[in-house]
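Visitor: Please take one part of this model and examine it closely, together with its surroundings. I should like each term to be given with its cut-offs.

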Amino acid sequence: MDTGLLILRLLVGVLITGHGVQKISTHLGGKGLDGGVREFRTDGFRGGALTALAAGGGQIGSGLLLAAGLLTPLAATGAIGVMTVALTVKWPNGLWVQNDGYEYPLVLIGAAAALAATGPGAWSLDRMLGLTPYPLWWTSLVLVAGIGSGLLTRLVLHRAPVA
C-alpha cells in the first residue's frame, strides 16, 4: 500500500506542480506570466497578474507538498481548491477531455481526496515528522474547504458574461 501511495503522491503532486509552473513561467511549455494572465482573462477571470500568480503559486505549493507527503490535508485542500476552479471553467464543455471538458481536474480532485482519506503512507515527510495518522474526519474538512474555496474563488473573481 505504501508503494502505491508514494506513486500516487508523486504523480499527482508533480503534475499539479508542473501545471502551476506553466501558469507563471515559460518552463514546461508555459507561456510566461503574461500568458497566464491572458488565459485567466480569456476564461473570464479578473485580477490580472495577481490571479495568475495566486493560482500558479497555489498549484506549485500544493503539488510539492503532496509529492513530499508533507502536511497532506493542507496540500490536498489546496489541490482540490485550484482544480475545482479549473473544473468550473471546463464545466460547460462536458466531462470528456477531448472536448476540453472537466475530466482531468475531476481526476486530480479525486486523487487529492483519496490521499487525504488514506494519508500519505510510510514514505512521506508527514510520517517522518510524526504527523500521521491524520483522523479520517479530516477528509470531510479537506473536501469542504477545498471545494468551497474553489467555488468562492470562482464567485469572487469571475466576471458575468457580457450579453
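Guide: A residue is called buried under 20% relative accessible area, exposed over 50%, and partly exposed in between, with a 1.4 Å probe and protein chains only. The model is predicted, and local features need pLDDT of at least 70, side-chain atom pairs count only at pLDDT 80 or more, and totals for chains, interfaces and linings use all residues. Residues are numbered from 1 along each chain as its sequence is written, and side-chain values use heavy atoms, with hydrogens and water left out.

The part chosen here is the place where helix α4 meets helix α7. Helices are DSSP runs (H or I, at least four residues), numbered from the N terminus. Helix α4 covers residues 72–90 and includes T77, while α7 covers residues 137–157. T77 has a relative accessibility of 18% and therefore counts as buried. Apart from residues up to four places away in sequence, T77 touches V142, A145 and G146, where contact means heavy atoms within 4.5 Å.

The axes of α4 and α7 come within 7 Å and cross at roughly 40°. Axes are lines fitted to C-alpha atoms, for helices over the stretch in contact, and angles run from 0 to 180 degrees between N-to-C directions. The angle makes α4 oblique to α7; angles under 35 degrees count as roughly parallel, over 145 as roughly antiparallel, 65 to 115 as roughly perpendicular and the rest as oblique. The crossing of α4 and α7 is right-handed, a term used if the near helix is turned clockwise from the far one by less than a right angle, with anticlockwise giving left-handed.

On the α4 side, the contact is made by P73, A76, T77, I80, G81, T84, V85, T88 and V89, and on the α7 side by W138, V142, L143, A145, G146, I147, S149, G150, L151, T153 and R154. These residues divide into 11 nonpolar, eight polar and one charged; Ala, Val, Leu, Ile, Met, Phe, Trp, Tyr, Cys and Pro count as nonpolar, Asp, Glu, Lys and Arg as charged, and the others, Gly among them, as polar.

Further along the surroundings of this contact, L155 also belongs to α7. L155 is exposed, with a relative accessible area of 66%. The C-alpha atoms of L155 and F45 are separated by 9.8 Å, although their positions lie 110 residues apart along the chain as a sequence separation. The loop between α6 (125–128) and α7 holds P133, and a cis peptide bond with omega of about 5° joins T132 and P133.

Helix α3 (residues 48–68) is another neighbour, and L65 is placed in it. The buried residues of α3 pack against α4 and α7, and also against α1 (2–24), α2 (32–42) and α5 (103–118). Those buried residues are G48, T51, A52, A55, G56, Q59, I60, S62, G63, L66 and A67. L65, by contrast, counts as partly exposed at 22% relative accessibility. Beyond its neighbours within four places in sequence, L65 is in contact with L70 and A75. The end C-alpha atoms of α3 are 30 Å apart, which agrees with the 30 Å that its 21 residues should span at 1.5 Å a residue; the expected span is 1.5 Å times one less than the number of residues. G69 follows α3 and has a positive phi, near 70°.

Helix α4 is also included in what covers the buried residues of α1, together with α2, α3 and α5. The buried residues of α1 are L5, R9, V12, G13, I16, T17, G18, G20, V21 and K23.

After α4, the loop that leads to α5 contains D100. Phi of D100 is near 60°, a positive value in a residue other than glycine. With a relative accessible area of 41%, D100 is partly exposed.

How values were computed
Helix = DSSP H or I, 4+ residues; strand = E, 2+ residues; numbered from the N terminus.
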